[in-house]
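Visitor: I've got a structure open and some questions to throw at you. Can you walk me through it?
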Amino acid sequence: MSYKVAVVGATGNVGREMLSVLSERQFPANEVVALASTRSVGTEVSFGDATLKVKALDYFDFKGTDIVLMSAGGDVSKVWSPKIAAQGAIVIDNSSQWRMDRDVPLVVPEVNVEALHNIKKGIIANPNCSTTQLVVALKPLHDEATIKRVVVATYQSVSGAGKDAMDELFRQTRAVYVADPIEPEKFTKQIAFNVIPHIADFLDSGYTKEEWKMMVEVQKILDPDIQTTVTCVRVPVFIGHSEAVTVEFEKPITAQRERAILREAPGVLVVDKHEDGGYVTPIECAGEDATYVSRIRKDPTVEHGLSMWVVSDNLRKGAALNAVQIAECLINRKLIKSAA
Ligand SMILES: NC(=O)c1ccc[n+]([C@@H]2O[C@H](COP(=O)([O-])OP(=O)(O)OC[C@H]3O[C@@H](n4cnc5c(N)ncnc54)[C@H](OP(=O)(O)O)[C@@H]3O)[C@@H](O)[C@H]2O)c1
């Protein structure tokens with residue numbers, strides 16, 4: 001069986017990565033279509049050794065398309081995902097538009113693949129990039145010792161804010177070297193040689209929308225009883241999100257046991273030598289599929305506490321790879337039929 005797949009947002013950071021991941025994993029597609037806005041019609045994007053000419057989402061007929069990987073933002077998804085699903089395709093959406101909808105499963109295959117058995121609207125949501133790597137690391141620990149509370153500080157790369165944000169870091173870095181004026185556009189303050197403790201809009205609570213998303217998504221995917229508090233920070237890194245994570249458990253668990261559990265966990269690689277360089281940094285995880293865990297240690301300030309450092313490629317496990325893995329699970333579990 002093979003499937004007709006459309007990638008919406010194919011010229012963007014996530015869309016391009018989706019095309020790479022589909023090709024690398026030899027996804028069983030008989031046709032792959034690249035879609036974006038009318039601005040990009042005719043632009044060429046890579047799909048393995050081939051190139052695809054981008055078509056306009058606005059004029060595309062989804063009849064006969066089986067799987068649509070959407071990464072064109074929440075506004076586009078709000079309008080288009082239901083229309084596409086009504087034509088019979090399953091939409092796997094990367095925006096935050098549908099994540100908290102009770103009738104839309106929010107899925108990380110290593111964590112809650114069973115949620116795929118309840119697709120009511122023809123839409124499946126991919127979590128926020130920072131949530132995905134976090135729950136991949138937390139799930140096996142929750143199974144072992146029941147997580148009560150998680151405290152996270154993120155160090156998020158600029159690629160998480162789209163291709164324009166990557167250009168802004170590049171431009172500003174260059175401007176610093178040639179003493180040109182720095183003009184923030186996408187970010188509210190200078191991002192080159194700086195860090196910004198603010199991602200997405202502020203809420204009345206004082207948290208930002210990005211922080212709120214992580215807190216509620218962890219509950220939807222993993223367990224509604226887990227309390228999480230998050231500080232999201234944008235850092236001048238092109239690809240790869242890092243997280244300093246402290247977890248409080250109900251039951252006792254040692255750092256040694258955590259290391260052993262995570263070594264066996266799907267999607268996780270432990271790199272944790274307590275010596276110079278014995279940990280993973282974002283530059284090393286770019287282009288990789290795993291969620292890396294380093295700096296595992298006891299937190300002596302609570303009864304059963306552990307701290308760790310979690311790093312992953314936000315464009316891959318945080319977005320494109322997770323979406324393609326969801327599509328693979330649909331096929332493996334016979335939850336989708338080919339329209340052809
Ligand atoms: N980057 C990440 O780490 C990450 C992780 C998880 C989720 N996400 C989510 O994934 C989505 C895409 O992110 P990104 O980083 O790839 O953004 P991006 O680099 O800015 O790309 C946006 C894509 O959306 C397309 N698009 C915009 N308006 C459109 C319209 N009206 N009709 C059709 N296509 C349209 C763009 O096409 P044109 O080139 O034609 O404008 C482009 O292909 C966002 O919802 C984001 O929140 C991103």
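Guide: Sure, and one definition before we start: helices (H or I, at least four residues) and strands (E, at least two) are DSSP runs, numbered from the N terminus. Keep in mind that this is a predicted model.

Visitor: With that in hand, where is leucine 315, and is it buried or exposed?
Guide: Leucine 315 sits in the loop between strand S14 (305-312) and H9. Buried means under 20% relative accessible area. Leucine 315 has a relative accessible area of 5%, so it is buried.

Visitor: How far apart are the C-alpha atoms of leucine 315 and alanine 125?
Guide: Along the chain, leucine 315 and alanine 125 are 190 residues apart. In space, their C-alpha atoms are separated by 15 Å.

Visitor: And what is the C-alpha to C-alpha separation of alanine 286 and isoleucine 239?
Guide: Alanine 286 is in the loop between H8 and strand S13 (291-298), and it counts as partly exposed at 33% relative accessibility. It is 47 residues from isoleucine 239 in sequence. C-alpha to C-alpha, alanine 286 and isoleucine 239 are apart by 5.9 Å.

Visitor: Let's go to the largest pocket. Which residues are closest to its centre?
Guide: The largest pocket has a volume of about 1,400 Å³. Its lining takes in 48 residues, and the closest to its centre are Gly73, Gly160, Ala161, Gly162 and Lys186.

Visitor: Which helices each supply at least two residues of that lining, and how many lining residues are charged?
Guide: The helices are helix H1 (13-24), helix H2 (74-86), H5, H6 and helix H9 (316-332). By residue class, the lining divides into 16 nonpolar and 21 polar residues, and the number charged is 11.

Visitor: On to salt bridges. How many residues apart in sequence are the parts that glutamate 217 and arginine 99 tie together?
Guide: A search of the whole structure finds 18 salt bridges. In one of them, the side chains of glutamate 217 and arginine 99 meet at 3.1 Å, N to O. Glutamate 217 lies in helix H6 and arginine 99 in the loop between strand S7 (90-93) and helix H3 (109-112), so the parts tied together are apart in sequence by 118 residues.

Visitor: Are glutamate 217 and arginine 99 buried or exposed?
Guide: The cut-off for buried is under 20% relative accessible area. Glutamate 217 falls in that class, and arginine 99 does too: buried.

Visitor: Which helices hold glutamate 110 and lysine 317?
Guide: The side chains of glutamate 110 and lysine 317 meet in a salt bridge of 2.8 Å, N to O. The pair links distant parts of the chain, 207 residues apart, with glutamate 110 in helix H3 and lysine 317 in helix H9.

Visitor: What about arginine 259 and aspartate 272: how far apart are their closest N and O atoms?
Guide: Arginine 259 counts as buried at 16% relative accessibility, and aspartate 272 is buried at 12%. The two form a salt bridge, with their closest N and O atoms apart by 2.7 Å.

Visitor: Which residues are linked in a network of salt bridges?
Guide: Side chains of opposite charge can pair when their charged atoms come close. Here, a network of salt bridges links Glu17, Glu24, Asp289 and Arg316.

Visitor: Now some backbone geometry. What is the phi of alanine 200?
Guide: Most residues other than glycine have a negative phi. Alanine 200, in the loop between H5 and H6, is not a glycine, yet its phi is positive, about 75 degrees.

Visitor: And lysine 334: is it buried or exposed?
Guide: Lysine 334 lies in the segment after H9, and its phi is also a positive value, near 55 degrees. The cut-off for exposed is over 50%. At 74% relative accessibility, lysine 334 therefore counts as exposed.

Visitor: Last stop, the surface. Which residues make the nonpolar surface patch of about 430 Å²?
Guide: One of its members, valine 178, is in the loop between helix H5 (163-177) and helix H6 (209-221). Valine 178 is partly exposed, with a relative accessible area of 44%. The full patch is made by Val176, Tyr177, Val178 and Phe193.

Key:
Residues are numbered from 1 along each chain as its sequence is written. This is a predicted model: local features need pLDDT of at least 70, side-chain atom pairs count only at pLDDT 80 or more; totals for chains, interfaces and linings use all residues. Side-chain values use heavy atoms; hydrogens and water are left out. Patches are made of residues with over 30% relative accessible area and no salt bridge: like charges are joined within 9 Å, nonpolar side chains (Val, Leu, Ile, Met, Phe, Trp, Tyr) within 5 Å. Accessible areas come from the Shrake-Rupley method with a 1.4 Å probe; for residues, only the protein chains shown count as cover. A salt bridge is a side-chain nitrogen of Lys or Arg within 4 Å of a carboxyl oxygen of Asp or Glu. Buried means under 20% relative accessible area, exposed over 50%, partly exposed in between (1.4 Å probe, protein chains only). On a 1 Å grid over the protein atoms alone, a cavity is a set of points where a 1.4 Å probe fits but cannot get out, and a pocket is an open set with protein on both sides within 12 Å along at least five of seven lines; lining residues have an atom within 4 Å of a point. Grid points are joined across faces, edges and corners, and a volume is the space filled by probe spheres set on the points. Ala, Val, Leu, Ile, Met, Phe, Trp, Tyr, Cys and Pro count as nonpolar, Asp, Glu, Lys and Arg as charged, and the others, Gly among them, as polar.
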